[in-house]
Amino acid sequence: MSDVKLIRAEKVNKKFKQGPSMVHAVKDVDFEMSPGEKVYLYGPSGAGKSTLLDILGNLTRASSGKIFFRDKDVCKMSDKKRSLMRNLCFGFVFQFYYLLPELTVLENVMLPSRIIGKNTRGIKDKAMGLLKRVKMDHRIKHKPLELSGGEAQRVSIARALINSPEILFCDEPTGNLDSAMASSIYEIVNDISREEKMSLLIVTHHELDKTYYDTKYLMKDGVLNRQ
Ligand SMILES: Nc1ncnc2c1ncn2[C@@H]1O[C@H](COP(=O)(O)OP(=O)(O)OP(=O)(O)O)[C@@H](O)[C@H]1O
Ligand SMILES: [Mg+2]
């Protein structure tokens, strides 16, 4: 693995206002991740896992602390530059899929590429290839509401990969699936990570098989500890 870290976080904190009180969801977190590394983050509900993933994925800003992507200080970037970096370099898979119901499977997968203005023909071929990769190429004209949970999640993985991200963030990716489908989702994500040398950050309550990660962290009460 290269010496330049893909992501580095220094003394990151996140506080939320909840009515009259403050919730300190992420406390002085230091974290680093190399290109190609697979990280598994677990911990009880309310521990701050999703909040930390959202900060590392540049979906939200930290209250304090520093975040670097390939040694670039992302806190100093404008919102526009950060969202461009996110669209080009990061992929996301969430528990509830977030597919757009009015678009077909194929259109959903192509959408992130269209947003950054890529050539339509190239995107379509790539989307078809990814849908084949996740074994959903027989359903390209279907709408998300016609899919099972496992099928919808496979489509959301293809969508997350359309811009060839350097890292895939997965927040409870199998939270709604049975254990057989969950294993197949982790197999797919793990295979693609190995083939594309793509990093993975997987957040889940579930026990994750050792073959699917390199590094394990426990998060509890906003504090992160390497296991
Ligand atoms: N937008 C928000 N506004 C206010 N409080 C929030 C917000 N998001 C999260 N929190 C609080 O921050 C804490 C951490 O929440 P977070 O969603 O990160 O936990 P989690 O570890 O992902 O939990 P789960 O395993 O249930 O998904 C919780 O106390 C939560 O109530
Ligand atoms: Mg969560």
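This is a short talk on the nonpolar cores of a predicted model and on how two of its helices pack.

Okay, let's start with the core. The largest nonpolar core has 37 residues, and the ones touching the most other members are L131, V155 and L168. Where do the residues come from? Elements giving two or more residues to this core are the helices α3 (105–115), α4 (120–133), α5 (149–161) and α6 (179–196), plus the strands β7 (167–171) and β8 (199–203). The top contributor is α5, with 6 residues.

There's also a second core, separate from that one, with 31 residues; V12, L41, L52 and L53 are among them.

Let's zoom in on L168, one of those best-connected members. Which residues does L168 contact, if we skip its neighbours within four places in sequence? You get G91, F92 and V93, then A160 and L161, then V189, and finally the run M198, S199, L200 and L201.

Now the helix pair, α3 and α5. In general, you describe two packed helices by the angle between their axes and the distance between the axes. Here the angle is about 30 degrees and the axes of α3 and α5 sit 7 Å apart. An angle under 35 degrees counts as roughly parallel, so that's what we call α3 relative to α5. As for handedness, α3 and α5 make a right-handed crossing.

Who's actually touching whom? On the α3 side it's V105, N108, V109 and P112, and they meet V155, A158 and R159 of α5. Sorted by class, this α3–α5 contact comes out as 5 nonpolar, 1 polar and 1 charged residues. And V155 should ring a bell: it was listed with L131 and L168 in the largest core.

How values were computed
Residues numbered from 1 in each chain as written. Chains lettered and ligands numbered in written order. Predicted model: local features only at pLDDT ≥ 70, side-chain atom pairs only at ≥ 80, totals over all residues. Heavy atoms only, no water. Core = buried A, V, L, I, M, F, W, Y, C linked by side-chain atoms within 4.5 Å. Buried < 20%, exposed > 50% of the residue type's maximum accessible area, 1.4 Å probe, protein only. Helix = DSSP H or I, 4+ residues; strand = E, 2+ residues; numbered from the N terminus. Contact = heavy atoms within 4.5 Å. Axes fitted to C-alpha atoms, helices over the stretch in contact; angles between N-to-C directions. Parallel < 35°, antiparallel > 145°, perpendicular 65-115°, else oblique. Left-handed = near helix turned anticlockwise from the far one by under 90°. Nonpolar A, V, L, I, M, F, W, Y, C, P; charged D, E, K, R; others polar.
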